[in-house]
Amino acid sequence: MTEQGIPDRYLRGYAQLLADVSATGRRLARDEIEDRRVLGEQAAEAGHGLRALVRAHLAATRAAWPGAPGSADSTLAAVQQAVDAFAEGYERAQRHAVRQEEAARREFIDDLLYGRSDLGRLAERAERFGLRLSRTHAVAVAEGPTAYDESGPVPRQVERSLIARFGDRSILLTTKGGRLLCVAPGDQDEILAHFAQQAHAATEGGRVAIGRSQPGAGGVVQSYEEALNTLELAERLQMTEPVLRAADLLVYPVLTRDRQALADLVRGALGPLTAARGGAQPLLDTLTAYFDCGCVAAEAARRLSLSVRALTYRLDRIHRLTGADPADPAHRYMLQTAVIGARLLDWPARPL
């Protein structure tokens, strides 16, 4: 064993190489350099530290130096070549290990989010990445104006903030489809809340959706899909909130579960608006603003840049066309549900 416990095999032939170079003044041959690279790879794969390996080479150089009668310059050049080749092989092995780890991590994430692997095997692999799939988990998904990958500045910034705040608490941060994802224990909502805050800031105003806490490996998939559906829902309904929780929007999946029934409601309640001058969209926007501000006419008029008188005229026009009065509590629920349905179905831009 050499200095710091480095096995002698990683310095195989090194002393003889220095002696030969010192005596002849030659440079290292190509096969000798490649041999140093191979030894560097082997040392890296065995888990030895590069600093200790370099120290072992320097110690071997000092030990061999008194017996080297030739040129010091030639000897030092050989040392430089040998150590450089050794370090190159070491780094090559490390890069290969990193690529393998990244590939394994990406494969695990794909299997986890799509439920494509045996659950027992998936649970074993999950522990390697800090997750215990026997527990409940929730998934938060952040999207911004550009696509994100794990090597980019936004994921690194968010990850640093999470680690600084919570340390290692079984958190998995990754990217998928250009979005930033965080998988966290379902009973630690403060983690996802902090992730949402940091991701919203780091993505320059991006939106974050948080799925509900679910048990097991299948629960991660379900929570992830809920978060994705919530982002899509927010886009359709033009929601402005930066952070949305699937648990707060459960009424919308209920409405879309029977698409045909929802289409019938929209057609029956709002179809007559198509007979208005300018089509249904201006009157539909009027109803949307009116309901969004709690049926306060002045506020709805302000949002639409209309006078209160003009807004009142539009509401009256809606009443005459549909037979339903938006100001009447008996009609309001049906109209508001139909308006939500129209936004979910992208009507009237898309025919029912």
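## Basis

Contact here means heavy atoms within 4.5 Å. The model described is a predicted one.

## Overall form

The protein chain holds 14 helices and six strands. Its radius of gyration is 33 Å, well over the 20 Å that the globule rule gives for 352 residues, so the chain is more spread out than a compact globule. Along the principal axes, the C-alpha atoms of the protein chain fill a box of roughly 110 × 40 × 35 Å.

Of the 352 residues in the protein chain, 43% count as buried. Among contacts with a separation of 6 or more, 68% are accounted for by residues 24 or more positions apart.

## Surface and charge

About 18,600 Å² of the protein chain is exposed, and carbon and sulfur atoms supply 49% of that area. The chain carries 44 positive and 45 negative charges, and the mean positions of these two sets are 4 Å apart.

## Nonpolar cores

The largest nonpolar core has 37 residues. Those with the most contacts inside this core are M239, Y252, L270, L273, L287, L344 and W347. Two or more residues each come from α8 (216-237), α9 (251-257), α10 (259-270), α11 (281-292), α12 (297-304), α13 (308-322) and α14. Apart from this core lies another, of 24 residues, which includes L17, L39, L53 and A82.

L344 is listed among the residues with the most contacts inside the largest core. Leaving aside neighbours within four places in sequence, L344 is in contact with L233, R236, L237, Y252, L255, T256 and L262. One of these partners, Y252, is also listed among the residues with the most contacts inside the core.

## Helix α14 and the segment after it

Helix α14 covers residues 329-344, and T337 has its place there. T337 counts as buried because its relative accessibility is 12%, and buried means under 20%. Not counting residues up to four places away in sequence, T337 touches L255 and L265. L255 is also in contact with L344.

P348 is found in the segment after α14. The peptide bond from W347 to P348 is cis, with omega near 10°. W347 is itself one of the residues with the most contacts inside the largest core.

## Helix α6

S161 lies in helix α6, which spans residues 153-166. With a relative accessibility of 18%, S161 counts as buried; the cut-off for that class is under 20%. Its contacts, leaving aside neighbours within four places in sequence, are with H194 and Q198.

## Positive phi outside glycine

Two loop residues deserve an entry for their backbone angles. Q238 is not a glycine, yet has a positive phi of about 55°. The place of Q238 is the loop between α8 and β6 (243-245). At 65% relative accessibility, Q238 counts as exposed, since exposed means over 50%.

S305 also has a positive phi, near 60°, in a residue other than glycine. This serine sits in the loop between α12 and α13. Its relative accessibility is 67%, so S305 counts as exposed. The helices on either side of this loop, α12 and α13, each give two or more residues to the largest nonpolar core.

Definitions and conventions: Residues are numbered from 1 along each chain as its sequence is written. This is a predicted model: local features need pLDDT of at least 70, side-chain atom pairs count only at pLDDT 80 or more; totals for chains, interfaces and linings use all residues. Side-chain values use heavy atoms; hydrogens and water are left out. Helices (H or I, at least four residues) and strands (E, at least two) are DSSP runs, numbered from the N terminus. Buried means under 20% relative accessible area, exposed over 50%, partly exposed in between (1.4 Å probe, protein chains only). The radius of gyration is taken over C-alpha atoms; the globule rule is 2.2 Å times the number of residues to the power 0.38. Accessible areas come from the Shrake-Rupley method with a 1.4 Å probe; for residues, only the protein chains shown count as cover. Lys and Arg count as positive and Asp and Glu as negative; His and the chain ends are not counted. The place of a charge is taken as NZ of Lys, CZ of Arg, CG of Asp or CD of Glu. A nonpolar core is a set of buried Ala, Val, Leu, Ile, Met, Phe, Trp, Tyr and Cys residues joined through side-chain atoms within 4.5 Å.
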